[in-house]
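Here's a quick briefing to read alongside the model. Keep the structure open and follow along, topic by topic.

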Amino acid sequence: MLKVEHLSYEIEEDGKKQEILKDVSFEVKDGEMLVVTGPNGGGKSTIAKLMMGLYKATEGKIWLDGQDITSLPIYERAKAGIGFAFQQPPRFKGMTVRRLLSLAAGTDLPKHICCGLLSRVGLCAEEYLDREVDATLSGGEMKRIEIATVLVKKHKLCIFDEPEAGIDLWSFAMLVEEFQKLHTEKKESLLLISHQERIIQMADRVMIIDGGQVTKCGPTQEILPYLTGEAISHPQCLKNQGAAV
Ligand SMILES: Nc1ncnc2c1ncn2[C@@H]1O[C@H](COP(=O)(O)OP(=O)(O)OP(=O)(O)O)[C@@H](O)[C@H]1O
C-alpha cells in the first residue's frame, strides 16, 4: 500500500518561494486504482514526480508497504517496486526499443516477449524493435513504448501520468483494456493521472487536485458528478466544497 502524509513541495524562483503542493495526503491500497484528476497546473504531475523521487518533498512522508521511501533516490524507489510512465517520456539516442524494454525488465528479453509487449500497446512489433528511442519516434509512439516499459514486469505500484496524451483513439482503446486487465488482476496498485472519463470511470477512487491541494477524494461514483456536471467548468466551486479525503 502507498501512503502519503502531509506532502508539500515548494520551489524558489528569483528569490521568491512558491508552494506547488500543500499538505497532500492520500492512500492507494493494495490492488486499488486511484485516478488523480483536476485542472491544468493543479499539481498532478508534481505528485507523480514526488512519488518517483524526481522531486524532493519539502515536507511530508511517503510510505510503500510500511517502508519510509521519502528520501530514497529514484533507482531505489524503482527497486522498492514503483513503476513509472512519464507524461513526456525521455528519449535515448543510440538505444533501441528492444534494449530499452530489456533494461526495464532487468534481463535480456527474447524477441517474442518484446513483440508481445509492443502489441499490447498497439505497436506493430517488427517495425519498432530495432528503432532507436530518439527524436524520430512520434510523441504517441514514444508514449506507448514508455507504457510498455512499465508493463514489462510486476510492480507494487504503477504510476501512469496522462497515458492518454497524444495517443490515437484506436490505441487508446487498447490501453484502456490493458489498464482494465491490470486492475482486474489486482496484483498491482495503480495511480493514474488522467483527464479521460473512460479512465476515471475505471477507478475505485478519484482524487481531485486543484491549486496544489486535494479538493475532493472519494469513491468514483461520488466524485464523477463533480467532474461531469457544473463543477468542472467552475473549478472554484470544487474549492468551495472543501477537502474531503
Ligand atoms: N520546477 C518548477 N518550476 C516552476 N514551476 C513549476 C515547477 N514544477 C511545477 N511547477 C508549476 O506547478 C504547477 C503544477 O504543475 P504540474 O505539472 O504538477 O501540474 P498538472 O496538474 O500536472 O498540470 P497538467 O494537467 O497541465 O499536466 C504549475 O503551475 C507549474 O507551472
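Two strands count as paired here if DSSP finds at least two bridges between them. With that in hand, take Tyr9, which stands opposite Leu21 in S2. Bear in mind that this is a predicted model. The notes below cover the two sheets, the ligand shell, one helix and a few unusual phi values.

**The four-strand sheet**

- S2-S1-S4-S5 is the strand order of an open, antiparallel sheet of 4 strands.
- Its edges are S2 and strand S5 (67-68), and each of these pairs on one side only.
- Helix H1 packs on this sheet, where it touches S1, S2 and strand S4 (59-64). The direction of H1 makes about 70 degrees with that of S2.
- S1 and S2 are antiparallel partners, joined over 9 bridges. Besides the Tyr9 and Leu21 match, Val4 has Phe26 in S2 as its bridge partner.
- The same two strands, S1 and S2, make a hairpin with 2 residues between them. In that turn sits Asp14, with a positive phi of about 50 degrees.

**The six-strand sheet**

- This one is open too, with 6 strands in the order S6-S9-S10-S3-S11-S12 and mixed pairing.
- Strand S6 (82-85) and strand S12 (213-219) are at the edges with a single partner strand each, so one side of each has no neighbour in the sheet.
- From one strand to the next, the twist averages 15 degrees.
- S9 and strand S10 (residues 189-193) run parallel and are joined by 5 bridges. Among the matched residues, Asp161 has Ile193 in S10 as its bridge partner.
- H1 turns up again here: it packs on this sheet and touches strand S3 (33-37), S6, S9, S10 and strand S11 (205-210). Its direction makes about 145 degrees with that of S9.
- H6 also packs on the sheet, touching S6 and S9, and its direction makes about 170 degrees with that of S6.

**Around the ligand**

- Ile11, Glu13, Ile20, Asn40, Gly41, Gly42, Gly43, Lys44, Ser45 and Thr46 surround the ligand.
- By type, that shell splits into 2 nonpolar, 6 polar and 2 charged residues.
- Strand S1 (2-13) and helix H1 (44-52) each contribute at least two residues to the shell. H1 gives the largest share, 3 residues.

**Helix H4**

- Cys114, Leu117 and Leu118 are the buried residues of helix H4 (residues 111-120). Looking down the axis of H4, these buried residues fall within an arc of 95 degrees, so they line one face of the helix.
- What covers them includes helix H3 (97-105), helix H5 (125-128) and helix H6 (139-151).
- Gly122, just after H4, takes a positive phi of about 80 degrees.

**Positive phi outside glycine**

- Most residues other than glycine have a negative phi.
- Asp23 goes the other way, with a positive phi of about 50 degrees. It lies in strand S2 (residues 16-28).
- Why is Asp23 classed as partly exposed? Asp23 has 15 other C-beta atoms within 10 Å, and the class in between buried and exposed takes residues with fewer than 20 but over 12.
- Glu162 has a positive phi as well, near 45 degrees. Its place is in the loop between strand S9 (157-161) and helix H7 (169-185).
- Is Glu162 buried or exposed? Glu162 is buried, because 22 other C-beta atoms lie within 10 Å and 20 or more is the cut-off.

Methods. Residues are numbered from 1 along each chain as its sequence is written. This is a predicted model: local features need pLDDT of at least 70, side-chain atom pairs count only at pLDDT 80 or more; totals for chains, interfaces and linings use all residues. A residue is near a molecule or strand if its C-beta atom, placed from the backbone, lies within 6 Å of it. Ala, Val, Leu, Ile, Met, Phe, Trp, Tyr, Cys and Pro count as nonpolar, Asp, Glu, Lys and Arg as charged, and the others, Gly among them, as polar. Two residues are in contact if their C-beta atoms, placed from the backbone, lie within 7 Å. Axes are lines fitted to C-alpha atoms, for helices over the stretch in contact, and angles run from 0 to 180 degrees between N-to-C directions. The arc is that of the directions from the helix axis to the C-beta atoms.
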